[in-house]
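Hi,

Here is the structure I promised to pass on. Have a look at it first, and then read my notes below.

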Amino acid sequence: MVDSHRRKDIVPTAVTPSVADLSCLMLVMASYPILEISLDKVRQNTHVVVGMCHERGIRVAGVTKGFCGHPSIARAMVDGGVDMLADSRVQNLMRLRELQLPKLMLRLPMLSEVDSVVDFADISLVTEIDTIKALARAAHAKRKRHQVILMYELGDLREGIVGEIELLRILEAAAGLDGVVVVGLGTNLTCYGGVLPTTENLSTLTELRGAVESRLHVSLDVLSGGNSSSLYLVEAGNLPEGINLLRLGESIVLGRETAYGRPIRGTHDDCFRLIAEIIEVKAKPSLPDGEVGHDAFGKKPRLVDKGIRIKAICAIGRQDVTPEHLLPEDGSIEILGASSDHLILDVTECRTTPRVGDLVAFKLTYPGILQTMTSGYVSKRIQ
Ligand SMILES: *Cc1c(COP(=O)(O)O)cnc(C)c1O
């Protein structure tokens, strides 16, 4: 609970428009729910994580997709020392155009967007020769040279070239193209299959580089060994020699990485806080009264009978964020569930019972940050 301030005491400052252009919403943007973003904390987290990497000669691409490429937040990453900025959506990279660092396109470019990709990104991660050719054509027409990093499949089964033969074939085909230059190899793990990065699987990248360089007489300067889940290897000194770029989002934004779960020392887990307003407080039974069908989202509610409880409803719902991604800062509050526009809390154990108009503060998971940043109904207060 943010029981120290009542609704009327909070005057949101610097509310920024959301990515969704819901123009009628803008009129009421200064109301709750509000996502509070601390630029200082983002900068401090970046500084810690970048420090760990730079100490070992590893460069960091600060990944901005968790906050829709918001330029002020990205600026905090730049101030914290990242070497480049990376996002999976070209619209977000476009928002970063004022920031003078190299830009990396994380998602394999669509053929339909290569023109914008070469405009707003300097480097792309790629796996398909058709995409490389399209990037080359687009870049050549603009008298540019677009850099590409070939992504290699190491078992997680999202994007990646399969096997050394295919890798060599693509490298050979790319070598003859004006407009692109292959600068390195990369991989992505723990995103689909949940495969963890290890010294063994990441060593494959180093070995492949050796094989490629001796066969094709090209030099591949960049070896990009994954996302935040690779950071624990850096910390333990177990990242294979030669890996010199990591693409880090979650570890900067949350000071942790879900696959390993351990917080990183010296970082904050509340750079992003969600504040929601209570619209009802009443004592109600734990169990619904009546014949039970499915809830608004097609699920059978599974509820435990704890007798009469004091319940509060906040004006936020699944349209903005799934309730599993919210963590009440007041540990005595329990989240019971949510429909599209209502979040239902058990506040029976709170020291002082909240009242209508009170505010409740939540920390967020990484998907929770992404969802609330994306929601046009959640105001953003950058401080
Ligand atoms: C999202 C993404 C990242 C960043 O992942 P985090 O877990 O946020 O560090 C890195 N690389 C690629 C290809 C991505 O899509």
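A quick bit of vocabulary: Ala, Val, Leu, Ile, Met, Phe, Trp, Tyr, Cys and Pro count as nonpolar, Asp, Glu, Lys and Arg as charged, and the others, Gly among them, as polar. Sorted that way, the shell around the ligand has five nonpolar, four polar and five charged residues.

Keep in mind that this is a predicted model, where local features need pLDDT of at least 70 and side-chain atom pairs count only at pLDDT 80 or more, while totals for chains, interfaces and linings use all residues. Residues are numbered from 1 along each chain as its sequence is written, and side-chain values use heavy atoms, leaving out hydrogens and water.

Now the ligand. It is surrounded by 14 residues (each with a heavy atom within 4 Å of it). A polar side-chain atom of Ser228 sits 2.5 Å from a ligand oxygen atom, and one of Lys65 sits 2.8 Å from a ligand oxygen atom. The ligand taken alone exposes 390 Å², and the protein buries 95% of that (Shrake-Rupley method, 1.4 Å probe).

There are also 16 salt bridges (a side-chain nitrogen of Lys or Arg within 4 Å of a carboxyl oxygen of Asp or Glu). One joins Arg158 and Glu159, at 2.7 Å from N to O. Glu159 is buried, with a relative accessible area of 12%, whereas Arg158 is partly exposed at 42%; buried means under 20%, exposed over 50%, and partly exposed in between (1.4 Å probe, protein chains only). Elsewhere, Glu36, Arg273, Glu329 and Arg381 are linked in a network of salt bridges.

Cheers

Technical notes: Polar contact = N/O pair within 3.5 Å; in protein donor to acceptor, adjacent residues only side chain to side chain.
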